[in-house]
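Colleague: I am new to this structure and would like to be walked through it. Could we begin with a single residue and work outward?

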Amino acid sequence: SSDLMWLAMFRKTRQIIRYAVVERNGDSCESYYENIPQIYKTCNIYIDDYESYKSVISASKSIGSKYK
């Protein structure tokens with residue numbers, strides 16, 4: 001199985017905003033991101049190089065991972 005954890009955390013407080021353990025693909029990425037509260041979508045978003053992010057998260061809001 002290719003199930004992995006998606007995790008959204010507010011960096012300043014380390015509060016977990018949303019998480020899910022699902023198959024990591026484009027559909028689950030879109031569904032996951034749609035369910036993050038709107039107020040957090042205005043913040044910078046740190047992501048890894050997963051391909052699905054490019055079609056779901058605006059390039060102007062995403063910042064590549066600092067953990068490369």
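Modeller: Let us begin with Tyr53, which counts as buried because its relative accessibility is 12%; buried means under 20% relative accessible area, exposed over 50%, and partly exposed in between, with a 1.4 Å probe and protein chains only. Please note that this is a predicted model, in which local features need pLDDT of at least 70 and side-chain atom pairs count only at pLDDT 80 or more, while totals for chains, interfaces and linings use all residues. Residues are numbered from 1 along each chain as its sequence is written, and side-chain values use heavy atoms, with hydrogens and water left out.

Colleague: Where is the place of Tyr53?

Modeller: Tyr53 lies in helix H3. Helices (H or I, at least four residues) and strands (E, at least two) are DSSP runs, numbered from the N terminus.

Colleague: Which residues is Tyr53 in contact with, leaving aside neighbours within four places in sequence?

Modeller: They are Trp6, Arg24, Cys29, Ile47 and Asp48, where contact means heavy atoms within 4.5 Å. In addition, the C-alpha atoms of Tyr53 and Glu30 are separated by 8.4 Å, although the two residues are 23 apart along the chain.

Colleague: Cys29 is on that list. Is Cys29 buried or exposed?

Modeller: Cys29 counts as buried, because its relative accessibility is 2%. Cys43, by contrast, is at 26% and therefore counts as partly exposed.

Colleague: And how many disulfides does the count come to?

Modeller: The count is zero, a disulfide being a pair of cysteine sulfur atoms within 2.5 Å.

Colleague: Let us step back to the whole chain. What pattern does the protein chain follow along the sequence?

Modeller: The order is β-β-α-α-β-α-β, made up of three helices and four strands. The chain has 68 residues, of which 25% count as buried. Among its contacts between residues at least 6 apart in sequence, 26% join residues at least 24 apart.

Colleague: What about the surface?

Modeller: The protein chain exposes about 5200 Å², and carbon and sulfur atoms supply 50% of that area. Accessible areas come from the Shrake-Rupley method with a 1.4 Å probe, and for residues only the protein chains shown count as cover.

Colleague: In which sense do S1 and S2 pair?

Modeller: Strand S1 (residues 3-10) and strand S2 (residues 15-23) pair in the antiparallel sense over eight bridges; two strands pair if DSSP finds at least two bridges between them. One example is Leu4, whose bridge partner in S2 is Val22. The two strands form a hairpin with four residues between them.

Colleague: What is the phi of Arg14?

Modeller: The phi of Arg14 is near 65°, a positive value in a residue other than glycine. Most residues other than glycine have a negative phi. Arg14 is placed in the loop between S1 and S2, and counts as exposed because its relative accessibility is 66%.

Colleague: Changing loops, is Ile36 buried or exposed?

Modeller: Ile36 is buried, because its relative accessible area is 11%. Its place is in the loop between helix H1 (26-34) and helix H2 (38-41). Not counting residues up to four places away in sequence, Ile36 touches Ala8, Ile17, Arg18 and Lys41. The C-alpha atoms of Ile36 and Arg18, 18 residues apart along the chain, are separated by 6.5 Å.

Colleague: Lys41 appears there. Which ring does the charged end of Lys41 sit over?

Modeller: That ring belongs to Tyr33, and the charged end of Lys41 is 4.7 Å from the ring centre. A charge sits over a ring if NZ of Lys or CZ of Arg is within 6 Å of the ring centre and within 35 degrees of the ring normal. The charged end of Arg11 likewise sits over the ring of Tyr46, 4.6 Å from the centre.
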